[in-house]
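Reader: I would like a close look at a single part of this structure, taken slowly and with its surroundings. Could you walk me through how one helix packs against its neighbour, and what lies around it?

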Amino acid sequence: MDVQHFERITAFIEARLTPLFDEATGSEHGFAMDDTSRALRALRNSVLEASAIKGLIEKRESAEPAMRRVIDQSVEHNWDVLRGIARQWEDHADFRHEFKHHAWELDHHHAAAEA
């Protein structure tokens, strides 16, 4: 899994969420205590947490095999979280086909492109 996949999907989701924090939506920038604001904050926090995997991916190559499996599982889980969120906007013009793929499928496509 490449960090760039996470950067692209995170940027896509953030582009959908950021306007929702605008005062024009009436949610007081998403920082009020109404349910909409709370949901927006929870969703944004989930996205930020799931996208914070750069350090794991960087450590994977030098990790022992057992640790590599743990890293792979964590990366796959975080990708699945982001993938599930991004797919809510599957009909958006900026939605990329890669956002539909599982992590292992992206690894397969990446390996085939390098060959």
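Author: Helices here are DSSP runs of H or I with at least four residues, numbered from the N terminus. In this predicted model, the part I will take is helix 4, which spans residues 65–86 and which includes Gln73. Gln73 has a relative accessible area of 56% and is therefore exposed, the cut-off being over 50%. Its C-alpha lies 9.7 Å from that of Ala103, although Gln73 and Ala103 are 30 residues apart in sequence.

The neighbour to consider is helix 2, residues 35–51, whose axis comes within 8 Å of the axis of helix 4 and crosses that axis at roughly 140°. Because of that angle, helix 2 counts as oblique to helix 4, and the crossing of helix 2 and helix 4 is left-handed. On the side of helix 2 the contact is made by Leu43, Val47, Glu49, Ala50 and Ser51, while helix 4 contributes Asn78, Val81, Leu82 and Ile85. Sorted by class, this contact of helix 2 with helix 4 holds six nonpolar, two polar and one charged residues.

Helix 4 also takes part in the largest nonpolar core, which has 21 residues, and those touching the most other members are Phe6, Ile9, Ile13, Trp79, Leu82, Ala86 and Phe99. At least two residues of this core come from each of helix 1 (3–17), helix 2, helix 4 and helix 5 (103–114). Leu82 is thus named both in the contact with helix 2 and among those core residues. Ala86, leaving aside residues up to four places away in sequence, touches Ile9, Phe12, Ile13, Phe95 and Phe99.

Note on methods. Residues are numbered from 1 along each chain as its sequence is written. This is a predicted model: local features need pLDDT of at least 70, side-chain atom pairs count only at pLDDT 80 or more; totals for chains, interfaces and linings use all residues. Side-chain values use heavy atoms; hydrogens and water are left out. Axes are lines fitted to C-alpha atoms, for helices over the stretch in contact, and angles run from 0 to 180 degrees between N-to-C directions. Angles under 35 degrees count as roughly parallel, over 145 as roughly antiparallel, 65 to 115 as roughly perpendicular and the rest as oblique. A crossing is left-handed if the near helix is turned anticlockwise from the far one by less than a right angle, and right-handed if clockwise. Contact means heavy atoms within 4.5 Å. Ala, Val, Leu, Ile, Met, Phe, Trp, Tyr, Cys and Pro count as nonpolar, Asp, Glu, Lys and Arg as charged, and the others, Gly among them, as polar. Buried means under 20% relative accessible area, exposed over 50%, partly exposed in between (1.4 Å probe, protein chains only). A nonpolar core is a set of buried Ala, Val, Leu, Ile, Met, Phe, Trp, Tyr and Cys residues joined through side-chain atoms within 4.5 Å.
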